[in-house]
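Please look over the sequence and the structure shown below before reading on. The report that follows goes from the pairing of strands to the helix beside them, and then to the core and the chain overall.

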Amino acid sequence: MLTWFSMDLRFLMMISYCFSLQCETLGSSIGNFANFSQSLEIANDFYADINPFQKVNSKYFYIERSRALNWFEALHKCRELGSDLVNFRNDRELDAVIPELSKKRCYWLSINNFSEKSQYISITNGRPPSFARWGRGEPNNLKNKEHCGQLVAFNRNTFYYNDNQCIRRCYYICETKLPSQTNVVIW
Ligand SMILES: [Ca+2]
């Protein structure tokens with residue numbers, strides 16, 4: 001009786017959440033209560049796995065650690081995760097993420113100067129960044145080929161912003177306020 005009651009309760013919970021959160025494939029999930037996992041919109045009172053993002057202060061960041069890409073590929077990967085390339089708003093945000101980075105690597109940011117050479121804007125909101133920690137003499141648009149913003153540790157010391165060629169391969173950082181879709185498990 002206890003088992004049946006538990007299964008019924010789980011079933012009712014699943015139905016309830018699917019109706020309220022517009023479960024995508026309810027039909028395929030019925031009959032597999034023990035490991036029911038679906039992609040659902042996050043509810044505030046609901047436990048949600050934010051993987052692959054990690055929370056740093058009030059934001060969620062994803063730091064790519066395995067594959068370097070050009071700026072366009074990096075942007076696409078962030079969009080696939082429902083996020084954008086990072087647009088740090090202030091020193092506090094940047095300094096909180098720096099300990100997670102490798103000084104041997106570069107990381108793409110959201111800023112570029114595609115539309116106007118003298119003006120960097122963020123692809124995240126189409127506006128000039130409210131914060132930028134450019135390295136000394138940067139952005140220098142070396143050989144008139146550098147149009148994408150990256151984070152790099154000059155001389156493997158401290159991380160600064162630098163403009164570089166968008167086709168260069170760097171790792172990248174994605175940001176989102178809250179992952180809009182994630183895996184939720186109901187036991
Ligand atoms: Ca440069």
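In this predicted model, strands β5 and β7 pair in the antiparallel sense over four bridges, and within that pairing Trp108 stands opposite Gln150 in β7. Strand β5 also pairs with β9, here in the parallel sense and over two bridges, with Tyr107 standing opposite Tyr171 in β9. A further two bridges join β5 to strand β6, residues 121-122, and these two strands run antiparallel; Asn112 stands opposite Ile121 in β6. Strand β7, for its part, is joined by six bridges to β8, again in the antiparallel sense, and Gly149 stands opposite Asp163 in β8.

The pairings described above are set side by side here.

| Strands | Sense | Bridges | Citation |
|---|---|---|---|
| β5 and β7 | antiparallel | four bridges | |
| β5 and β9 | parallel | two bridges | |
| β5 and β6 | antiparallel | two bridges | |
| β7 and β8 | antiparallel | six bridges | |

The strands β7 and β8 form a hairpin with five residues between them, and in its turn Asn155 has a positive phi of about 55°. How much of β5 and of β8 is buried? In β5, seven of the seven residues are buried, so this strand is largely enclosed by the rest of the structure. In β8, which covers residues 159-164, five of the six residues are buried, so β8 too is largely enclosed by the rest of the structure.

Next comes helix α3, residues 71-80, in which Trp71, Ala74, Leu75 and Cys78 are buried. Seen down the axis of α3, these buried residues fall within an arc of 100°, so they line one face of the helix. On the other side of α3, by contrast, His76 and Glu80 are exposed. What do the buried residues of α3 pack against? Their partners are β4 (84-85), β5 (106-112), β7 (148-153) and β9 (171-176), and of these β5 and β7 are paired with each other in the antiparallel sense. After α3 comes Gly82, whose phi is positive, near 75°.

The largest nonpolar core has 27 residues, and those that touch the most other members are Leu85, Tyr107, Trp108, Tyr172 and Cys174. At least two residues of this core are supplied by each of β3 (59-63), α3, β5, β7, β8 and β9, and β5 gives the most, with five residues. Tyr107 can be followed in more detail: leaving aside residues up to four places away in sequence, Tyr107 touches Leu101, Gln150, Leu151, Cys170, Tyr171, Tyr172 and Ile173. Among these is Tyr171, the residue of β9 that stands opposite Tyr107.

Finally, the chain as a whole gives the setting for these details. The secondary structure of the protein chain comes to four helices and 10 strands, and from the N terminus on the elements run α-α-β-β-β-α-β-α-β-β-β-β-β-β. Of the 187 residues in the protein chain, buried residues make up 24%. Among contacts between residues at least 6 apart in sequence, 63% join residues that are at least 24 apart.

Conventions
Residues are numbered from 1 along each chain as its sequence is written. This is a predicted model: local features need pLDDT of at least 70, side-chain atom pairs count only at pLDDT 80 or more; totals for chains, interfaces and linings use all residues. A residue is buried if 20 or more other C-beta atoms lie within 10 Å of its own, exposed if 12 or fewer, and partly exposed in between; C-beta atoms are placed from the backbone. The arc is that of the directions from the helix axis to the C-beta atoms. Two residues are in contact if their C-beta atoms, placed from the backbone, lie within 7 Å. Two strands pair if DSSP finds at least two bridges between them. A nonpolar core is a set of buried Ala, Val, Leu, Ile, Met, Phe, Trp, Tyr and Cys residues joined through C-beta atoms within 7 Å.
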